[in-house]
Amino acid sequence: MQNVPLPVVRPRRLRRNAAIRDLVQETRVVAADLIAPLFVKEGDGPPEPVGSMPGVQRLSVADLVAECRALHGLGVRGVALFPVTPASAKDPAGTEALSPGCLVLRAVRAVKSAVPGLVLFTDIALDPYTSHGHDGILTADGSDVDNDATVGVLAKMAVLHARAGADFVAPSDMMDGRVAAIRAALDAAGRTQTGILAYAAKFASAYYGPFREAVGSARAAGTTALDKRTYQLNPANRREALADALLDESEGADMLMVKPAGPYLDIIRDLREASSLPLAAYQVSGEYAQLHAAAEKGWLDLVKTRDESLLAIKRAGADLILTYFAKDVAKALAEGTVAGR
Ligand code: PBG
């Protein structure tokens with residue numbers, strides 16, 4: 001029998017104890033990476049839980065302000081606001097989006113004056129306002145979203161949000177040419193310092209289900225579930241996603257986003273290598289819901305899978321992560337209970 005030589009290279013030397021592992025850890029998630037998506041509702045009633053998103057609630061403007069203060073205190077730098085529009089204020093054209101008194105504008109003003117140090121992102125798309133739930137205005141025969149008519153409305157909406165105090169407007173609609181139109185409208189309105197976080201590669205994903213429940217855009221009354229495949233990206237297409245995202249950069253986006261995050265880590269990596277802009281990834285409602293659901297059954301450890309899911313998104317190349325776990329993670333980081341960070 002020949003002697004097997006002892007291995008000279010022993011990768012396990014770097015994994016021997018917690019201190020060594022900590023020293024060689026390549027990726028860390030910190031509170032400053034996180035942006036918390038928050039849902040705001042009309043009235044001053046108590047928070048309303050979102051059934052499929054444990055721990056997530058629709059908040060009155062006053063509760064939203066309190067939540068923003070708490071997040072800021074925990075080191076979270078940004079929040080993304082999503083209004084829940086009452087069904088009575090929705091119509092096919094989403095006209096509420098341009099109403100000067102609309103909920104999201106009141107929410108932006110309140111948060112900006114109470115917590116000026118928090119970076120405010122607002123969503124630019126018509127789905128919270130349209131009775132059919134699509135992100136834009138429909139064509140005359142109702143068969144599709146009218147791109148150019150929608151872009152005109154989105155540009156106006158962005159100016160209203162900027163004037164109210166949004167630091168970044170975040171077009172999530174996936175219409176063609178919207179970043180250029182929004183940039184031009186903001187500049188014409190003197191809002192040259194308002195930034196654009198473009199939902200650059202947003203896929204037609206089934207993982208948005210719980211969010212649509214939260215904002216009530218899941219389906220128009222009496223119709224089938226929404227199909228957004230004429231504007232959101234085909235989950236099968238990597239080259240198309242990259243090309244579309246780079247178009248947003250060329251149109252003047254300040255930051256790019258990939259959405260969803262976990263199932264699209266390859267796209268995050270591709271875009272990280274193709275662009276020098278800050279890159280955000282949105283861990284969407286369904287990604288959050290699935291970890292909670294499995295944890296409720298005792299099948300997964302919520303805290304460990306939460307932390308691993310965020311680490312993976314960061315490792316893939318995201319600089320910023322929009323996640324419904326933002327507050328829990330920021331708290332754990334502040335308490336030093338996140339392992340190996
Ligand atoms: C719509 C919008 C969606 C999300 C953010 N903005 C849903 C959709 O496209 O239908 C989803 C976020 C999530 O699932 O957490 N403009």
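1. Let's start with a pair of residues in this predicted model. The bridge partner of F121 in strand β6 is F168. That pairing belongs to a wider match: strand β5 (residues 119–124) and β6 run parallel and are joined by four bridges.

2. Now look at what lies on either side of β6, which spans residues 168–171. In a regular strand, side chains alternate between the two faces of the sheet. Here F168 and A170 are on one side, while V169 and P171 are on the other. Are these residues buried or exposed? All four are buried, and both faces of the strand are covered.

3. The other neighbour of interest is strand β7 (residues 195–202), which pairs with β6 in the parallel sense over two bridges. If you want a spot to find on screen, V169 stands opposite I196 of β7. To get from β6 to β7, the chain passes through helix α5 (residues 178–188), and this β-α-β crossover is right-handed. A right-handed β-α-β unit is also made by β5, helix α4 (residues 147–164) and β6.

4. Next, the interior. The largest nonpolar core has 101 residues, and those touching the most other members are F39, L64, V79, L81, I268 and Y282. Which element gives this core its largest share? Helix α4 does, with eight residues.

5. Y282 deserves a closer look. Leaving out residues up to four places away in sequence, Y282 touches a list of residues that includes P37, F82, Y199, F211, M257 and Y324. K259 is also among the contacts of Y282, and K259 comes up again at the ligand.

6. How many residues surround the ligand? There are 18, and the closest are S172, R212, K259, S285 and Y324. For R212, an N or O atom in the side chain is 2.6 Å from an oxygen atom of the ligand. For K259, a side-chain N or O atom is 3.3 Å from a nitrogen atom of the ligand. D135 has a polar side-chain atom 3.2 Å from a ligand nitrogen.

7. Finally, visit L300, in the loop between α9 (285–296) and α10 (302–316). Why does L300 count as partly exposed? Its relative accessibility is 39%, and the partly exposed class lies between the buried limit of under 20% and the exposed limit of over 50%. Not counting residues up to four places away in sequence, L300 touches L291, A294, A295 and T305. For a sense of distance, L300 and R229 are 71 residues apart in sequence and 32 Å apart in space, C-alpha to C-alpha.

Technical notes:
Residues are numbered from 1 along each chain as its sequence is written. This is a predicted model: local features need pLDDT of at least 70, side-chain atom pairs count only at pLDDT 80 or more; totals for chains, interfaces and linings use all residues. Side-chain values use heavy atoms; hydrogens and water are left out. Buried means under 20% relative accessible area, exposed over 50%, partly exposed in between (1.4 Å probe, protein chains only). Two strands pair if DSSP finds at least two bridges between them. A crossover is right-handed if, with the strands pointing away from the viewer, the path from the first strand over the helix to the second runs clockwise. A nonpolar core is a set of buried Ala, Val, Leu, Ile, Met, Phe, Trp, Tyr and Cys residues joined through side-chain atoms within 4.5 Å. Contact means heavy atoms within 4.5 Å. A residue is near a molecule or strand if one of its heavy atoms lies within 4 Å of it. A polar contact is a pair of N or O atoms within 3.5 Å; within protein, one must be able to donate a hydrogen and the other to accept it, and residues adjacent in sequence count only if both atoms are side-chain atoms.
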